[in-house]
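This report is a guided reading for someone meeting the structure for the first time. It takes up a pocket, a cavity, a helix and several single residues in turn.

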Amino acid sequence: MTEMRAFREAVGHWAAGGPGGPAGELAARLGLRTAVLLEGPSDLAAVEALTARRGLDLAAEGVCVVPMGGAMSIGRYAGILGPPGLGLRLRGLCDEREQRFYDLGLQRARAPRQGFHVCVADLEDELVRALGTARVEETIAAEGDLRAWQTFLRQPAQHGRPRDQQVRRFLGTKKGRKIRYGRLLVEALGPGEVPAPLDELITGL
């Protein structure tokens with residue numbers, strides 16, 4: 001796990017303009033064959049939670065999950081990890097509104113579009129719809145965030161907004177909350193409730 005984290009960091013430095021040698025050496029040492037590209041750390045938390053639930057050891061399968069820091073980075077990451085760079089098979093999730101950036105970035109990197117699964121709004125939206133807002137609120141209460149949630153709902157900007165939009169906005173109002181709930185919402189899913197894009201991604205690895 002430590003070396004996998006080091007690989008992610010080396011890839012981040014490479015994507016920022018640093019040397020690619022350290023990432024290449026770690027990829028060879030780890031026996032990597034697939035990189036899963038995600039927009040950010042909350043998506044990473046959700047993917048790791050689901051693979052843990054299913055008893056999957058991605059590292060043993062040569063799979064590394066890489067948060068890119070935003071959809072606009074897809075071209076850079078696809079280039080350094082895909083055919084022009086390390087030659088890894090690329091998989092991932094993307095939001096529907098960002099799909100054109102993914103299509104263009106993958107095309108430039110000569111990487112196939114197959115294996116990238118589309119969330120309607122984002123992964124949090126998929127998880128909230130899969131659970132329903134009532135069960136998400138139960139999770140919020142169980143985590144000790146009920147008072148913060150009630151205070152949030154009293155804000156004028158939230159009056160009249162649909163509950164699912166309120167929930168998704170609340171998850172993004174405090175640093176680290178989206179990451180924590182990315183894991184918690186996956187853990188709250190029942191059998192057969194995993195959103196299709198996430199389920200298809202993990203099944204296809």
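For sorting the residues of a lining by class, Ala, Val, Leu, Ile, Met, Phe, Trp, Tyr, Cys and Pro are taken as nonpolar, Asp, Glu, Lys and Arg as charged, and the others, Gly among them, as polar. The model described here is a predicted one, and what follows should be read with that in mind.

**The second largest pocket**

Under that sorting, the lining of the second largest pocket consists of seven charged residues together with two nonpolar and two polar ones. The space within the second largest pocket comes to about 190 Å³. Its lining is made up of Glu39, Gly40, Pro41, Ser42 and Asp43, followed further along the chain by Asp95, Arg97, Asp122, Glu124, Lys178 and Ile179. Two elements, helix 3 (41-53) and helix 10 (177-188), each supply two or more residues to this lining, and helix 3 makes the greatest contribution, with three residues.

**The largest cavity**

How many cavities of 30 Å³ or more does a search of the whole structure find? The search finds one, and the volume of the largest cavity is about 30 Å³. Around the largest cavity stand Ser42, Ala46, Leu123, Glu124, Leu127, Leu171, Lys178, Tyr181, Gly182 and Leu185. Helix 3, helix 6 (123-131) and helix 10 are the elements with two or more residues in that lining, and helix 10 gives the most to it, namely four residues. By class, the lining of the largest cavity divides into six nonpolar, two polar and two charged residues.

Reading the two linings side by side, one finds Ser42, Glu124 and Lys178 listed for the second largest pocket, and Ser42, Glu124 and Lys178 are listed for the largest cavity as well.

**Four charged residues and an arginine in a loop**

The table gathers the relative accessible areas of five residues.

| Residue | Relative accessible area | Class |
|---|---|---|
| Asp95 | 6% | buried |
| Glu98 | 15% | buried |
| Asp125 | 6% | buried |
| Glu143 | 33% | partly exposed |
| Arg110 | 58% | exposed |

Asp95, one of the residues that line the second largest pocket, belongs to strand 3 (residues 89-95). Because a residue counts as buried when its relative accessible area is under 20%, Asp95 falls in that class with its 6%. Apart from residues up to four places away in sequence, Asp95 touches Glu39, Val118, Cys119, Ala121, Asp122 and Leu123. The C-alpha atom of Asp95 is separated by 8.4 Å from that of Ala71, a residue 24 residues apart from it along the chain.

Glu98 sits in the loop between strand 3 and helix 5 (99-108). Leaving aside neighbours within four places in sequence, Glu98 is in contact with Glu39 and Ala71, and Glu39 is also touched by Asp95.

Asp125 lies in helix 6, where, with neighbours within four places in sequence left aside, Asp125 has contacts with Val120 and Arg168.

Arg110 is placed in the loop between helix 5 and strand 4 (116-119). Most residues other than glycine have a negative phi, whereas Arg110 has a positive value, near 55°.

Glu143 is found in the loop between helix 7 and helix 8. Not counting residues up to four places away in sequence, Glu143 touches Arg180, Tyr181 and Leu184, and Tyr181 is among the residues that line the largest cavity. The C-alpha atoms of Glu143 and Leu88, which are 55 residues apart along the chain, are separated by 38 Å.

**The buried face of helix 8**

In helix 8, which covers residues 146-153, the residues Trp149, Phe152 and Leu153 are buried. Seen down the axis of helix 8, these buried residues fall within an arc of 95°, so they line one face of the helix. An α-helix has 3.6 residues a turn, so residues three or four places apart point the same way. Helix 7 (133-142) and helix 9 (163-171) are included in what covers the buried residues of helix 8.

**An annotated span**

An unreviewed UniProt entry lists residues 34-82 as "domain: OLD protein-like TOPRIM". In the model, residues 34-82 are 43% helix and 20% strand, and the end C-alpha atoms of the span lie 9 Å apart.

Notes: Residues are numbered from 1 along each chain as its sequence is written. This is a predicted model: local features need pLDDT of at least 70, side-chain atom pairs count only at pLDDT 80 or more; totals for chains, interfaces and linings use all residues. Side-chain values use heavy atoms; hydrogens and water are left out. On a 1 Å grid over the protein atoms alone, a cavity is a set of points where a 1.4 Å probe fits but cannot get out, and a pocket is an open set with protein on both sides within 12 Å along at least five of seven lines; lining residues have an atom within 4 Å of a point. Grid points are joined across faces, edges and corners, and a volume is the space filled by probe spheres set on the points. Buried means under 20% relative accessible area, exposed over 50%, partly exposed in between (1.4 Å probe, protein chains only). The arc is that of the directions from the helix axis to the C-beta atoms. Contact means heavy atoms within 4.5 Å. UniProt positions are given in the numbering used here, feature names are shortened, and annotations may be inferred rather than shown by experiment.
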